[in-house]
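Welcome! Take a moment to look over the sequence and turn the model around before reading on.

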Amino acid sequence: MPERRDWSRRNALRLGAGGVLAAAVGAAPLSIATSPALGATAAAAAGPFNPINIFTTPAYVNDLDTPLGTVSQCAVKDTSTGDWYVSEPTAAPAGTPSDCIVSRHRADGTLVSSMRLTQAGHGTSFALQHDGATLYVWLAWTRTGGSQLVRIPYAAGATRPFSDAQVINKFSTMYTIPAIDEYNDLMTFRGNRTGFAGDVLVKRRLSEVTAGIDNILAGPIDVPWEFPNNPGFQGFCDYGDTFFMLYGASDGSNNVLKEFRWSDGTLARPPRDISAVGGATAYHEPEGISLFRDATGRATLTLGIVDKVNGAFRRRLFSWTESGDVMNQDIQTGKRVVQVGSSTDPVETPVAFKTPFDSPPVVLVSQSSGANSFYHVGAKYVTQNGFTLIVNKSGPTGATAIRAEWAALPNTGG
């Protein structure tokens, strides 16, 4: 059972319906502005870059030829070589932790070598750190009766027991998995707390964690699970002032990528539906996200998708990369109660922005909690000053009003 301990619940996030919002028809791709990362002196000097735009189609990276050929869990890039490192669990009897295979791959996904970690667990999310000439793998080593945060040198062809790993002080007894941003000397912990159906995140300095120094830079942030009976957590990573969380299942349900603010735990933008990334298939499961920065500080977010073709697993990577100039405009959001009456005719409601945009933004609209499936909401006639919220009725219902939520996002047109 995962180790857990209560952390502060300040900055707790309370999500509503959490439905994926639909963009206004004909809207161009968008980019969202964020502030420079904590401690990102080098990145700020090398940039600025247009923040990662997850609403565009991600670029295909490669197919991974893993040792087991089953379901990979996470892929992390070694920026010093361009190689990828991938985690993959072995089969194991019920109640016994699986072995975790960490494999090294060329940029094109070709297998180079692998290392076996005995009863280390699933490898849901792991991280890489260069310390001198040594490349360390960080992960939660899930042992029978408990779990430890560790780092262990990568050794091609080796089978490594827990005793070969260096146990790291995680400053709590919670089950904790890591994400690392080496470029900015940052590290994020994701853990679980007893009595809370969700994840708890904190940000620290990588050098301080390595040295055993307990110093929190951001958080704790509570992120409740949107789907309590099947949370489907698949991965996370830090992105400066925000962090990404990945959710989903193999049947394609609830497959979403979410971005949260470190400042208060709120959503930085609407969730991104990823159920069709790489093509929709009957078996389509998101497996891990990671973020790396190149020598200039430019960030790339990588998403893993595992699907099946002719009964065989296929492990593919896709990515979004920063580009262009920084946008300085903020997202605007709002709510509106729309009186729909008994007519089947569309209902149109004008909405004005709090402040005008430089150009027409991308507007996304959804129903609030308690959504009525007979009503469909959207946006049209989008200008710099506002838009028209439209409600269409598709069937019989006794409702006379619905609640709609909207978000307007700066649009670079790129």
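The report below covers confidence, cysteines, cores, cavities and a few backbone details.

## How confident is the model?

This is a predicted model, so it helps to begin with confidence. The protein chain has a mean pLDDT of 79, and 81% of its residues reach 70 or more. Strand 10 (residues 159-160) has the highest confidence, with a mean of 95. At the other end of the scale is strand 1 (residues 22-23), where the mean is 39.

Please read the start of the chain with care. Over residues 1-46, pLDDT stays under 50. The model still has 139 contacts for these residues beyond four places in sequence.

## Cysteines without partners

How many disulfides are there? The count is zero. A disulfide is a covalent bond between the sulfur atoms of two cysteines, and here the cut-off is a pair of sulfur atoms within 2.5 Å.

Cysteine 100 shows why no bond is counted: the closest cysteine sulfur, in cysteine 74, is 9.8 Å from its own, too far for a bond. With 0% relative accessibility, cysteine 100 counts as buried. Cysteine 237 is in no disulfide either, and for this residue too the nearest cysteine sulfur belongs to cysteine 74, 9.0 Å away. Cysteine 237 also counts as buried, at 3% relative accessibility.

## Two nonpolar cores

The largest nonpolar core is made of 19 residues. Within this core, Leu117, Phe126, Val137, Leu139 and Trp141 have the most contacts. Several strands supply at least two residues each: strand 3 (74-78), strand 5 (100-105), strand 6 (111-117), strand 8 (134-143) and strand 9 (146-153). Which strand gives the most? Strand 8 does, with four residues.

Leucine 117 is a good place to zoom in. Leaving aside neighbours within four places in sequence, leucine 117 is in contact with Asp99, Cys100, Val102, Leu139, Trp141, Ile152 and Arg160. A second core, separate from the one above, has 18 residues, among them Phe353, Phe357, Val363 and Tyr375.

## Enclosed spaces

Rolling a probe the size of a water molecule over the atoms shows where empty space is left. The structure holds three cavities of 30 Å³ or more, and the largest of them contains about 70 Å³ of space.

Lining this largest cavity are 17 residues, of which Cys74, Ala75, Glu287, Gly304 and Leu317 are the closest to its centre. Strand 3, strand 20 (284-293), strand 21 (299-309) and strand 22 (312-321) each supply at least two residues of the lining. The largest share comes from strand 21, with five residues.

## Backbone details to look for

Where is there a cis peptide bond? Glycine 219 and proline 220 are joined by one, with omega at about 0°. Proline 220 is part of strand 15 (residues 218-224).

Two residues other than glycine have a positive phi to look at. Glutamine 119, with phi near 50°, lies in the loop between strand 6 and strand 7 (127-131). Asparagine 310, with phi near 55°, is in the loop between strand 21 and strand 22.

Are these loop residues buried or exposed? Glutamine 119 is partly exposed, with a relative accessible area of 33%, while asparagine 310 is exposed, at 82%.

Methods: Residues are numbered from 1 along each chain as its sequence is written. This is a predicted model: local features need pLDDT of at least 70, side-chain atom pairs count only at pLDDT 80 or more; totals for chains, interfaces and linings use all residues. Side-chain values use heavy atoms; hydrogens and water are left out. pLDDT is the predictor's confidence in each residue, from 0 to 100. Contact means heavy atoms within 4.5 Å. Buried means under 20% relative accessible area, exposed over 50%, partly exposed in between (1.4 Å probe, protein chains only). A nonpolar core is a set of buried Ala, Val, Leu, Ile, Met, Phe, Trp, Tyr and Cys residues joined through side-chain atoms within 4.5 Å. On a 1 Å grid over the protein atoms alone, a cavity is a set of points where a 1.4 Å probe fits but cannot get out, and a pocket is an open set with protein on both sides within 12 Å along at least five of seven lines; lining residues have an atom within 4 Å of a point. Grid points are joined across faces, edges and corners, and a volume is the space filled by probe spheres set on the points.
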